[in-house]
Amino acid sequence: MFVSLAGSPAKAEPSNYKFDFGDGGVEKGYIGVSSSDKYDPQKRYGFNTPENMRNVPASGTGVGSDAVQFVTYGTKSANTFNVDLPNGLYEVKVTLGNTARASVAAEGVYQIINMTGNNATDSFQIPITDGQLNLLVTEGKAGTPFTLSALEINKLSRHPVTNRTIYIGGDSTVCNYYPLDSGVQAGWGQMLPKFVDTDTFQIRNMASGGQIARGFRNDGQLEAILKYIKPGDYFILQLGINDTNPKNTTTEAEFKEIMRDMVRQVKAKGATVVLSTPQGRATDFNSAGVHSSVNRWYRHSIVALAQEEHVPLADLNVLSSAYFTSIGPEATLALYMKGDTLHPNRAGATELARLVAEDLRRQGLDGFAVDKKQQNERP
């Protein structure tokens, strides 16, 4: 019997995938992908240059028990894992294999900065406008393997535009630490979602440890933000701690002009820029029990720049000092990593995030909640 296929619909292109990488067993519900699997337009996925990939073991369980290693890398590298996708907005969840520190890039720019530790997991939103996701794991720390154990892709919308986004730039007092939900150390940018209406905003924390203004501008983090940021988005930028280190050879005048350049580039995209000043050390108390560090970290130039460029300022330096003074030296020290007077622990990062969110809410910026409970209790 002859059956005409004329007018039959073409096979729908999948919008959701779960990949398990490596040459070990494949977890139920996942598609197994070995390092030798070259991109195949019939399968709609595969490595662009499998000769630059390698199967490697990993110390986790399930999908985390094996991985592939990107032997060549870089945000502009063609050594990518490619997946055909209908245009739209997607959430991509990555699970690394064994690595000390690695970043995730897609579409030629960073998506996640410095995931640390074996089997680290994180996710990001990405708009697909050319019918294909091109992703790789790339340099976070030279000399360490850049590995991928699993990848989950889920379509959020047919419209290839990110949700309203709060982008964050900064250093080790701001950045993410892994595991995101249970690590002892945290940056305040990592904890900011607790105080943001996440029905309205997503958070993209592009801060990284040791960062200086010149590095953030020139080494790919600002580039990633400029690719996606749009009117209605925020960019909160806090730098200065490492810029003041003599080894980085950045004068205060140079720091201020590099920061000004970033402010203007983001403003030109129609987004709202917020400058933030870094908090002080846990031990910045005087004999009267008052905490103050207003002369540190090029703070005066940050304050002046906010006034000159007419952008909001979250003066976290002063806000945190007022809070630390109110709770006293002992309770303040308990908010920092043990034996470390600069880097907050998870509780300290939460308090710093709260101070930033409350101040921006007070200044009239929308999307900042007093606490997450208010979000969860809404009818």
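User: Which residue just after α5 takes a positive phi?

Analyst: It is His-310, whose phi is about 55 degrees. The structure is a predicted model, in which local features need pLDDT of at least 70, side-chain atom pairs count only at pLDDT 80 or more, and totals for chains, interfaces and linings use all residues. Residues are numbered from 1 along each chain as its sequence is written, and side-chain values use heavy atoms, with hydrogens and water left out.

User: How many helices and strands does the protein chain have, and what makes a stretch count as one or the other?

Analyst: There are nine helices and 18 strands. Each is a DSSP run, numbered from the N terminus: H or I over at least four residues for a helix, E over at least two for a strand.

User: Why is the protein chain called as compact as a globular protein of its length?

Analyst: The globule rule is 2.2 Å times the number of residues to the power 0.38, and the radius of gyration is taken over C-alpha atoms. For 379 residues the rule gives 21 Å, and the chain has 22 Å, which is close to that value, so the description holds.

User: Why is Ser-34 called buried?

Analyst: Buried means under 20% relative accessible area, exposed means over 50%, and partly exposed lies in between (1.4 Å probe, protein chains only). Ser-34 has 18%, so it counts as buried. This residue lies in the loop between β2 (31-33) and β3 (45-47). Leaving aside neighbours within four places in sequence, Ser-34 is in contact (heavy atoms within 4.5 Å) with Gly-22, Phe-47, Asn-55 and Val-68.

User: Is His-291 buried or exposed, and how do you know?

Analyst: His-291 has a relative accessible area of 3%, and is therefore buried. It is found in the loop between β17 and α5. Among the residues that His-291 touches, not counting those up to four places away in sequence, are Gly-280, Phe-285 and Phe-324. The C-alpha atoms of His-291 and Gly-280 are separated by 8.6 Å, although the two residues stand eleven apart along the chain.

User: What makes α3 largely enclosed by the rest of the structure?

Analyst: Helix α3 (residues 221-228) has eight residues and six of them are buried, so the description follows. Those six are Gln-221, Leu-222, Ala-224, Ile-225, Leu-226 and Tyr-228.

User: Which strands stand at the edges of the sheet, and why?

Analyst: Five strands form an open sheet in the order β15-β14-β16-β17-β18, with parallel pairing. β15 (201-205) and β18 (313-314) each have a single partner strand, so one side of each is left without a neighbour in the sheet.

User: How do you know that β17 and β18 pair?

Analyst: Pairing requires that DSSP finds at least two bridges between two strands. Two bridges join β17 (residues 272-276) to β18, so the requirement is met. Ser-276 has Ala-314 of β18 as its bridge partner. Helix α5 packs on the sheet, touching β17 and β18, and its direction makes about 155 degrees with that of β17.

User: At what angle do the axes of α4 and α5 cross?

Analyst: The axes of α4 (residues 252-267) and α5 (residues 299-309) cross at roughly 35 degrees and come within 10 Å. Axes are lines fitted to C-alpha atoms, for helices over the stretch in contact, and angles run from 0 to 180 degrees between N-to-C directions. The buried residues of α5 pack against α4, β17, β18 and α6 (316-327).
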